[in-house]
Amino acid sequence: MTVTQEEELDGLREIGKIVANAMQAMALALEPGMTTRELDEIGAAFLEREGAISAPQSAYDFPGATCISVNEEIAHGIPGERVLARGDLVNIDVSAAKNGYFADTGATFRMPPSQTWQERLCRAGKRATQIGIAQVAADKPLAGIGNAIGAFADKQGYTLIRNLASHGVGRSLHEYPEEISTWPDRSERRKINKGLVLTVEPFLSKGGLFAESGEDGWTLYSEPAAPVVQYEHTVVATDKGAIIVTFPG
């Protein structure tokens with residue numbers, strides 16, 4: 001999607017705020033002993049109240065309104081009977097549509113008590129996303145996103161999952177440019193056009209390099225096995241930089 005009118009940006013801001021608020025509501029409800037299904041129900045109820053439709057359910061028939069991935073699960077975790085426990089790393093990914101506009105956001109949360117390495121990894125994951133977003137502007141190279149994130153990850157001693165990419169979004173959940181590397185990619189030659197709508201979502205890890213599908217056909221795991229965090233925003237490229245539409249409020 002390329003934004004050319006203010007009403008389009010308004011539509012993205014509306015759904016962006018909804019998914020961000022849904023994720024925030026889920027994060028505030030996190031507590032040991034609840035199941036991931038119960039957590040998903042909170043997100044589903046919030047989306048329904050706001051007149052939004054779960055994007056993974058509507059686009060891919062995903063068995064949940066949101067994706068909830070715990071510890072060894074790094075993405076696309078199916079909400080179910082798994083019980084959340086103290087010390088867990090919980091990734092919540094919320095994407096939805098309203099009035100023909102789609103937005104996508106995600107973050108990793110720590111269930112107290114957290115360990116020092118978890119705090120550092122989460123802090124670095126947030127920073128990696130900010131660094132990637134700072135590379136988004138009209139006429140800048142798409143490769144700049146992955147180059148900047150990769151340089152940061154190397155300096156901090158972390159790795160990046162190299163087959164889970166950012167993507168275009170706006171009129172559907174996944175659209176052109178279909179795959180945007182959040183790691184250095186010498187083959188990437190495309191430029192960011194003014195008004196382009198995309199996600200920035202690096203998967204930062206303590207050793208993981210690739211994502212592999214589990215037995216359920218949805219849940220993804222790190223290969224080699226290692227902790228992974230993900231933070232994601234939907235942004236719009238302008239001449240002056242990125243507009244983030246997935247802020248709560």
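**Two small sheets, a charged patch and some unusual bonds**

Let me start with a sheet. Three strands make up an open sheet in the order β6-β10-β13, and their pairing is antiparallel. The edge positions belong to β6, residues 159–160, and β13, residues 228–230. Each of these has a single partner strand, so one side of each is left without a neighbour in the sheet. I should say now that this is a predicted model.

Stay with β13 for a moment. Strand β10, residues 203–205, is joined to β13 by 3 bridges, and the two run antiparallel. If you want one pair to look for, take Leu-204, whose bridge partner in β13 is Val-229.

Now the other sheet on my list. This one is also open, with 3 strands in the order β3-β12-β11 and antiparallel pairing. Which strands stand at the edges here? They are β3, at 73–75, and β11, at 210–213. Again, each edge strand has a single partner, so one side of each lacks a neighbour in the sheet. From one strand to the next, the twist averages 55°.

Look at the pairing of β3 with strand β12, which covers residues 220–223. The two strands pair in the antiparallel sense over 2 bridges. Ala-75 is the residue to find, and opposite Ala-75 stands Leu-220 in β12.

Just ahead of β3 there is a detail of the backbone. Asn-71 lies in the loop between β2, residues 67–70, and β3. Its phi is near 55°, which is a positive value in a residue other than glycine.

Next, two peptide bonds. The bond joining Tyr-176 and Pro-177 is cis, with omega about -10°. Pro-177 sits in strand β8, residues 175–180. The bond from Glu-223 to Pro-224 is cis as well, and omega there is near -5°. Where is Pro-224 found? Pro-224 is in the loop between β12 and β13. Those two strands have come up already: β12 is in the sheet with β3 and β11, and β13 is in the sheet with β6 and β10.

On to charges. The structure holds 6 salt bridges. One that I picked out is between Arg-37 and Glu-81, where the closest N and O atoms are 2.6 Å apart. This pair links distant parts of the chain, as the two residues are 44 residues apart. Arg-37 belongs to helix α2, residues 36–49, while Glu-81 is in the loop between β3 and β4, the latter at 89–98.

Last, the surface. Arg-110, Arg-120, Arg-123, Lys-126 and Lys-206 form a positive patch there. Which helix gives the most to the positive patch? That is helix α4, residues 116–133, with 3 residues. Arg-120 is found in helix α4, so to speak a starting point for finding the patch on screen.

That is the end of my list.

Definitions and conventions. Residues numbered from 1 in each chain as written. Predicted model: local features only at pLDDT ≥ 70, side-chain atom pairs only at ≥ 80, totals over all residues. Heavy atoms only, no water. Pairing = 2+ DSSP bridges. Helix = DSSP H or I, 4+ residues; strand = E, 2+ residues; numbered from the N terminus. Axes fitted to C-alpha atoms, helices over the stretch in contact; angles between N-to-C directions. Patch = residues over 30% accessible without salt bridge, like charges linked within 9 Å, V, L, I, M, F, W, Y side chains within 5 Å. Areas by Shrake-Rupley, 256 points an atom, 1.4 Å probe, with all protein chains shown as cover. Salt bridge = Lys/Arg side-chain N within 4 Å of Asp/Glu carboxyl O. Lys, Arg positive; Asp, Glu negative; His and termini not counted. Charge placed at Lys NZ, Arg CZ, Asp CG, Glu CD.
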